[in-house]
Number of protein chains: 2
Amino acid sequence: MASGRHQGPDDDAGPVRPTSRDVARSAGVSQATVSLVLRDKWHGRVSTGTAEVVRTAARELGYRPNLAARSLRLGRTRTALLVVPALTNEFFARVHTGAARVAAEHDFGMVLYPSPEIAAPAPDPFGSARAALDGVIASSMAVEALATLRADGLPLVMLDSDPGGSEATVNLDIADGMRRVVEHLVGLGHRRLAHVTAAVDSWTFHARARALADALADTPAALVRTERAELTVTGGLEATTRVLSAAPDATALVCDDDMLAAGACKAVRRLGLRVPDDVSVTGFDDLSLATAVEPELTTVRLPAEEIGANGMRALLAVLEERAPDTGVLPVSLVARGSTAPPGPAWRHGGAR
Amino acid sequence: MASGRHQGPDDDAGPVRPTSRDVARSAGVSQATVSLVLRDKWHGRVSTGTAEVVRTAARELGYRPNLAARSLRLGRTRTALLVVPALTNEFFARVHTGAARVAAEHDFGMVLYPSPEIAAPAPDPFGSARAALDGVIASSMAVEALATLRADGLPLVMLDSDPGGSEATVNLDIADGMRRVVEHLVGLGHRRLAHVTAAVDSWTFHARARALADALADTPAALVRTERAELTVTGGLEATTRVLSAAPDATALVCDDDMLAAGACKAVRRLGLRVPDDVSVTGFDDLSLATAVEPELTTVRLPAEEIGANGMRALLAVLEERAPDTGVLPVSLVARGSTAPPGPAWRHGGAR
DNA sequence: CACCGGGGGTTTTACGTATAACGGTCTGTG
DNA sequence: CACAGACCGTTATACGTAAAACCCCCGGTG
């Protein structure tokens, strides 16, 4: 005997969950039959009548399969890990939303690791969760932390970055976005741009810097200054203050992110100048913040939910040994009030 | 014979995970001993030397316990469900951060359900995840969706709301926050306030409305208008436009959320007025948005991470049959540029 | 009439872990 | 010297599911 149950004198009022065996007993069949019927694998092996009896019994008992037992049996957990820097960044919250939606559609679970602790890689950054995963979706981040996951043989899908060795990557057309920003500003007449870049060691920000340089190469405009900023509004404010003191002749500020752009606008005004009349400002990501500030930000809209959704789809494909769809997602420019032609002072070539 | 493995000709290069039995073989002991040693339950039952041998073997093989098997054995999953409206709302992203941190500290997993689908309750809102949970933490939301969880006997901790019947609640001192807002505004000289409330059927917003009314009762000021707004910047803008056309004599707008407040500021300016010179505006939550807009928002700072953390702590307490700590978390007023004494036009009692 | 095939199930086993129950081998003691 | 405990383990079992292997009965066929 010696039941494995740990409870003393029936201390919990909670109703004991029915098992497939309970359903079997109630339906007058064997447990195996219940398993077959409830997973729709019974065609030609169980009569229609019996199947119906089983389904009814399951419904009446409120049966739900025990996922732990199923996972143990199958060796798969139907759970994916999503690794993103921080959900308080709206972009990643939206990535999560997209991934979660697709996961739910496929009856997949999702565990989330916001990664402050990953920046300082612990011996085992992902704790015990590692053992219960089928795959990983990660945005650009500390690669060595991912190595411990890879060592477990977990399939990995990278979002908007490519450290090499991942099963699939889902990318945003960052280069195109930056090109559109440059075209927009140059088209308005700007010739001296400054770049406020995020001081985050992340693939996407490197890509933005490279794309900005590349895009400018074909134009009459030039990059007169670059400053690194902490990825917050305040960081943008401080970096922009440095930019405008080092390069007061810049007429447009290209910011790597909307938060930085919001900070840039504040800095500009603090110096007694106006946006966009004296200095134009562009953002990136099209966060809700972009339309909360005034003037509203000209920015690049990134399909955040879609990259999350596509990442999850790609992971599911890999797990089912299908070819993942690793297309590059298009982005678009959203022109709003923070950009305008350079101010009159500049039209006459004068100094401010 | 007849292995349960589903693989044909060894189709996966993935290294097979070592089990506790592999560790046992390698260490020259039984599987039971491995289990005892690795969970630190061996004192007085296994010699120090053997324990060390086991630990070494486990480390060398890279052993990690199979969580599915453990869950099956124990009947517990060490996984909690967090139900929040949407992570794109920074407040809930922060709640999540706090809860996730505490969960990680206790080797607990966390699954997340952003709940658009909960608003329209599906037959089984939580999908198959239900079966693999030890408990639930939920913010104020559609109560009938939670009922299906409760039917499974899952412990429930409510955040900043109390539908009754939950094992614990962790609350914010909303009333105190609103009282401070009123004191602040009345202290500045405001007498006619308007309320921009969120059109979301949520405990916290009802609480804010009630608290505003209560706080005003003791003062010479009055509520001249209330408008409901969709919980977005645009929603705040529209509602505020309605407020100011219906009650042009309001000198201060109390908004239920920083996003609404940001929209309110835009609406005020669109009417050719200034914040705070002509109209003061207050927010709620102290999102990062509050310092991104200009003027920066006077708002109520809510300890978002802490309520998440305390919620998780309370759930863990309930699961361990300890008494949960269900204190009310204090909030604070952050006075910034969006509030000031009423403009000169009002000081002389004139109409604008 | 012996035999086959197949429809409609059942029996059995394995997944990896935790733990109750059991069992040897010493050492010291009455 | 027999025997009680410590001490240090081992053996056996159960958790709930999936699925391979088996089994029985019945109608048709050579």
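How many nonpolar, polar and charged residues does the surface near DNA strand D have? In this predicted model, that surface comprises nine nonpolar, nine polar and eight charged residues.

Both protein chains take part in the DNA contact. Among the 26 residues around DNA strand D, those that come nearest are Ser20(A), Arg21(A), Tyr63(A), Arg73(A) and Thr33(B). Of the strand D atoms that come within 4 Å of the protein, 60% belong to sugar and phosphate. Several side chains place an N or O atom beside a phosphate oxygen of this strand: Ser47(B) at 2.5 Å, Arg39(A) at 2.9 Å and Ser35(A) at 3.0 Å. Two or more residues of this surface come from each of α1, α2 and α4 in chain A, and from each of α2 and α4 in chain B. The greatest contribution is that of α4(A), with four residues.

The contact between the two protein chains involves 47 residues from chain A and 48 residues from chain B. It buries about 3,900 Å², with carbon and sulfur atoms giving 55% of that area. Arg64(A), Lys266(A) and Glu294(A) supply 14% of what chain A buries against chain B, more than any other three residues.

Lys266(A) also forms a salt bridge with Glu296(B), at 2.4 Å from N to O; the count between the chains is four salt bridges. Six residue pairs are in polar contact across chain A and chain B. On the side of chain A that touches chain B, at least two residues come from each of α4, α5, β2, α11 and α12. Here α4(A) again gives the most, with seven residues. By class, this side of chain A has 21 nonpolar, 10 polar and 16 charged residues.

Notes: Residues are numbered from 1 along each chain as its sequence is written. Chains are lettered from A and ligands numbered from 1 in the order in which they are written. This is a predicted model: local features need pLDDT of at least 70, side-chain atom pairs count only at pLDDT 80 or more; totals for chains, interfaces and linings use all residues. Side-chain values use heavy atoms; hydrogens and water are left out. Contact means heavy atoms within 4.5 Å. Buried area is the accessible area (1.4 Å probe) that two parts lose on being put together, summed over both. A salt bridge is a side-chain nitrogen of Lys or Arg within 4 Å of a carboxyl oxygen of Asp or Glu. A polar contact is a pair of N or O atoms within 3.5 Å; within protein, one must be able to donate a hydrogen and the other to accept it, and residues adjacent in sequence count only if both atoms are side-chain atoms. Ala, Val, Leu, Ile, Met, Phe, Trp, Tyr, Cys and Pro count as nonpolar, Asp, Glu, Lys and Arg as charged, and the others, Gly among them, as polar. A residue is near a molecule or strand if one of its heavy atoms lies within 4 Å of it.
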